[in-house]
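Visitor: Could you walk me through some features of this protein model? I would like to hear the reasoning behind each reply.

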Amino acid sequence: MKFFGKTFGLLLASLTLASCGGGGGDGGAFIAPQSGSITLTATTNTLPLNTQGYLPSQHGPTQAEVNIILRNADGSLMAGHDVSVSISPVNVAAISVLDDGTAHTDDLWGTYTIKGTNGQATAWVNSRLLAGTAVFTASAQDPTTSRTISATLTFTVTSGVGTAPASIALVPAPAGVYLPSSGGSNTSSVTATVRDGGGQFVPNPAAGVDNVQYEIVGTAGDSRLSTNSASGAASGTSVTTHTVQGLATASFQAGEATPQGPIQIRATVDRADNNVSNGIQDPLSSTASIIVSDGKLYSLQLTSSLAAPNLPGITINCITDPCAAVSGDATSDPNAIPSNPDATLSLAITAKAQDRQGNPVIRGTPIRFGSVDEPVGAPGTAQDNQFLLSGVDGNPAEGGSNFSAPTGHFTTAGAGAGPGDALVVFGKAVQGNADLESAVTVQSVNSATSLTVTPNFNRNDTTGVLVDYGPVLPYLIGRSLHGSITTATTTDADLLPTSPTKGIAHAILTYTVSTVGNSVAIWAQGDGVDRVTNGPNRVTDAGTLVYPGVAPLSITASPDPVPGNTPTTVTVCVTDHLGIRLRGVTVGFNFTLTSGSGKVDGVSGSGAVGHPTGVNGCVQAAVTTTGLPLSATGGNSGTLTFNAGGQSATVHFIVQLAFLSAAPPQVCATPAPGSAVTVTAYATGGTPVAGVMISASCSAGLTVEASATTGPSGGALFHVAGPSATTGQCTFTATGAGSQSVTVTVGPGSVSPVGCSAGP
C-alpha cells in the first residue's frame with residue numbers, strides 16, 4: 001500500500017508535467033522554492049488620540065509596540081536582513097524607532113528601514129490628533145526567492161467620545177459683499193466646520209440626509225442662501241445641506257433690496273443624531289456676520305512709511321533708469337547710494353478708502369492727491385517753517401463757497417493768497433466737523449478775512465442734521481513750489497485683477513534734496529454721496545509733514561565728555577543717509593545716572609529737547625546736573641543719550657576733584673573732647689562734591705579720624721584733639737585734589753590757648 005501510494009503520486013506529477021507541453025528531458029518532477037514570512041504582533045491595535053502631547057520616548061498610552069519576526073520558508077529566523085516599515089495615513093498614526101538600536105528617538109516617520117537583527121525588529125506606532133484607522137506594513141526581500149514578503153496590521157485611533165456633533169464654527173469668505181448695482185461681488189461662501197467632542201470631523205451623514213441648517217437671521221430683504229442639499233439644489237432664507245469630511249458650505253447672495261450693514265448667518269446642527277432632515281431635537285448653532293454695503297466712498301485715511309520709521313519708504317531718483325550701481329556690488333548693501341542720483345527724492349503716499357459700512361470701496365474708485373509747501377516762514381524767524389497763510393479759526397460756509405477767518409491775513413501774510421491757491425481745512429481736528437475736511441481752490445480773495453472757493457464745501461450733515469460750529473477749524477492756504485505729487489489714480493490700480501479688493505490708492509510725492517525738512521501739506525480726495533440729500537459729497541483726508549530724508553539718519557552730540565554738576569550746553573545735529581542736514585527734527589533725550597539728577601531745557605530725566613533742529617540740522621540743549629558722584633579713573637559719572645529716528649548719540653559726564661577746603665584753617669582745641677574741622681571737596685567750577693573719601697593725619701601727638709566721606713553738601717566732619725599745650729598740624733587729602741592742612745593748638749587743661757580763635 002505504501003509503495004502503491006508513492007507510485008500513484010509520482011504518476012500524477014508526471015502526467016501534469018506532460019500536459020504542459022514540451023518534450024524530452026528525463027521526465028523528473030520540479031517543485032518551486034517557497035518564500036519566507038513576516039509575523040507582526042502588537043501590544044494593542046486601538047489607541048486614543050494624543051491630545052496630551054506624549055512624546056514617543058515617553059512610551060505613553062498613545063503608543064503601541066510592534067514586534068516583527070522574519071522567518072525563512074523552513075521556519076528558521078531570517079537573520080541579517082533589513083525590514084522596511086510604513087504606515088498610512090500618517091496624520092492618524094506615525095512610526096517611531098530606536099535611533100541607534102538602544103535609544104528611542106522622538107522623530108516620527110511614515111516609512112523607515114530597520115536594520116535586521118537575528119530575524120527580529122521592533123517599531124512603535126504612535127497616535128496623532130486625527131481619529132481613524134491606519135495600516136502598518138512591514139516588508140522585506142526574501143534571500144532565497146528575491147521576492148518581497150510583507151504583513152500588515154490595522155490600528156484604530158479613537159477619540160473615545162462618540163461621533164455626535166459637539167462644536168460648529170462658521171467662517172464667511174469674504175466677510176464683506178456689495179449690492180449688485182455697485183459693480184462689486186455680492187456673494188460670499190459661508191463654510192461650517194462641524195466636529196465631535198474629541199475635536200474630530202463628524203462622519204459624513206447617510207445618503208439622502210442633511211446635517212447642517214443655514215438661515216439668515218433678521219431682515220433679509222431680497223438676499224438669499226443657496227447650497228446643495230440631499231434632495232438637490234436649495235435656495236432661500238433657510239436651507240439645509242450636509243458635511244463632507246466635516247465641512248459644509250452655503251453661498252450668501254446680497255440683492256439690491258438687502259439692507260446695508262451686518263447680515264447675520266446662523267448654522268445649526270443636531271447633537272442628538274447629526275441629522276436635521278428629520279427635525280432638530282438638540283440644536284447647536286454658530287453665527288457669523290457678512291457686511292453688505294454699496295461700495296461708495298465714505299472715508300479716506302492717508303498713511304506713509306513715515307508712520308513706521310523702519311519701513312523703507314524713500315526712493316533716491318536717478319538720472320537714468322535703472323539707477324547705476326555704486327562702485328563694487330551695490331546689491332550687497334541695502335543702504336547703497338546710486339552713482340547717478342538726480343538730486344530728487346520720492347515718498348510713497350497711500351490712501352485707504354472705505355464705504356460707510358467699513359468695506360473697501362469698489363475697485364477703480366478715482367482718488368485725487370495734492371500738496372502745498374509755500375509760503376512758509378524764513379529760517380531763523382519766529383515763524384520758521386510754519387505756513388504763513390494759516391490759522392485755527394477757519395469757518396467754511398456749510399454747503400456754500402465762502403470761507404472766512406476772523407484773524408486771517410489773506411491779503412498780506414506770505415505776500416497774500418490768490419486765485420488758484422489751495423485752501424486746506426482740517427475739519428477732523430475738531431469733533432463734529434469731519435465732513436468739512438476739505439481741499440478746495442481759491443477763486444477770489446474778498447478781503448483779509450474772506451475768500452470765495454470752488455467747489456462748494458460739504459453740508460456737514462453726516463449725522464442727518466446740518467451743523468455749524470463757527471470759526472473753529474485749523475486751515476492753511478498755499479501752493480506747491482518744491483514738490484509734486486501724483487494728482488489722480490484709482491483704488492487697487494496697482495493690484496492684480498484677481499487680488500482681493502483692498503480699497504487702496506497710491507501716490508508718489510517727489511521733491512528736491514535741497515528742500516528736505518521743509519514743511520508740506522498733502523491731501524487725498526474722492527467723490528462720495530451725501531447720505532441725506534443723495535447729492536455729491538467730497539471725501540478728504542489731509543495732513544502736514546516735512547519733506548523727509550533718506551534713512552538711516554545719523555545723529556551726533558558734542559562736546560563729549562562734558563563736566564558734571566555744572567550747567568553746560570550740548571549741540572545735537574541730525575543728518576540723513578545722504579548727509580543732508582535735517583531741520584524740524586524733534587530730538588529726544590534720556591539720562592542714565594547712578595545717583596544725582598539731570599535736566600535738559602528744564603525737563604528732568606527724559607523727554608524732548610525744547611526746540612526742533614534748525615536749518616543747519618542742529619539744536620542746542622541746555623544741560624544741568626546735580627549730585628553726580630566722582631568719576632572713577634577712566635570712567636564717567638553718568639550719561640545723557642539723545643535720540644531721533646531710531647538712532648542715538650551719547651555724551652558722558654565727568655566729575656573730577658579740583659581742591660579741598662578746610663574750615664576753620666586754625667583750630668583752638670581742648671585736650672578733650674577736642675574740636676571739629678569741616679573739610680569740603682570741590683569739583684572744577686567750584687561745585688561741592690558728595691561721596692568723596694578724605695583721609696586725615698596729624699603730627700605732634702594730635703589725634704583725628706583716619707578718614708571720612710563727604711555728605712550731600714560736599715563736606716566731611718573730623719574731630720581733632722591732643723595733649724595739653726600742644727601745637728601741630730593736621731593734613732587732609734583726597735585722590736586727585738591734593739591736600740589741605742590746618743594748624744591745631746591745644747590749650748592747658750580745659751582752657752583754650754590765649755590769642756587763638758576757637759573752631760566750630
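Visitor: In which sense do strand E38 and E41 pair?

Guide: Keep in mind that this is a predicted model. Strand E38 covers residues 588–592, and 3 bridges connect it with E41. Within this pair, Phe589 stands opposite Gly607 in E41. The sense of the pairing is antiparallel.

Visitor: Which strands stand at the edges of the open sheet?

Guide: Happy to trace that one! The open sheet has 5 strands in the order E36-E44-E43-E38-E41, with mixed pairing. An edge strand here has a single partner strand, so one of its sides is left without a neighbour in the sheet. That applies to strand E36 (562–563) and strand E41 (606–608).

Visitor: Is Thr568 buried or exposed?

Guide: Thr568 is found in strand E37, residues 568–575. Leaving aside residues up to four places away in sequence, Thr568 touches Val562, Pro563, Ala621, Ala622 and Val623. Buried means under 20% relative accessible area. Thr568 has 16%, so it counts as buried.

Visitor: How many residues apart in sequence are the parts that Cys573 and Cys618 tie together?

Guide: A disulfide joins these two cysteines, with an S to S distance of 1.9 Å. The torsion about the S-S bond of Cys573 and Cys618 is about 105°, so the disulfide is right-handed. Cys573 lies in strand E37 and Cys618 in strand E42, so the linked parts are separated in sequence by 45 residues.

Visitor: And for Cys698 and Cys730, is Cys730 buried or exposed?

Guide: Cys698 and Cys730 form a disulfide with sulfur atoms 1.9 Å apart. Cys698 lies in strand E48 and Cys730 in strand E51, so the pair ties together parts 32 residues apart in sequence. Cys698, at 25% relative accessibility, counts as partly exposed. Cys730 is at 0%, so this cysteine counts as buried.

Visitor: Which strand gives the largest share of the largest nonpolar core?

Guide: Nonpolar side chains tend to be buried together in soluble globular proteins. The largest nonpolar core here has 76 residues, and Ile349, Phe369 and Leu640 are among those with the most contacts inside it. The largest share of this core is 5 residues, and they come from strand E22.

Visitor: How far apart in space are Asp100 and Asp393, C-alpha to C-alpha?

Guide: Asp100 sits in the loop between strand E5 and strand E6. With a relative accessible area of 53%, Asp100 is exposed. In sequence, 293 residues separate Asp100 from Asp393, and in space their C-alpha to C-alpha distance is 83 Å.

Notes. Residues numbered from 1 in each chain as written. Predicted model: local features only at pLDDT ≥ 70, side-chain atom pairs only at ≥ 80, totals over all residues. Heavy atoms only, no water. Helix = DSSP H or I, 4+ residues; strand = E, 2+ residues; numbered from the N terminus. Buried < 20%, exposed > 50% of the residue type's maximum accessible area, 1.4 Å probe, protein only. Contact = heavy atoms within 4.5 Å. Pairing = 2+ DSSP bridges. Core = buried A, V, L, I, M, F, W, Y, C linked by side-chain atoms within 4.5 Å. Disulfide = S-S within 2.5 Å.
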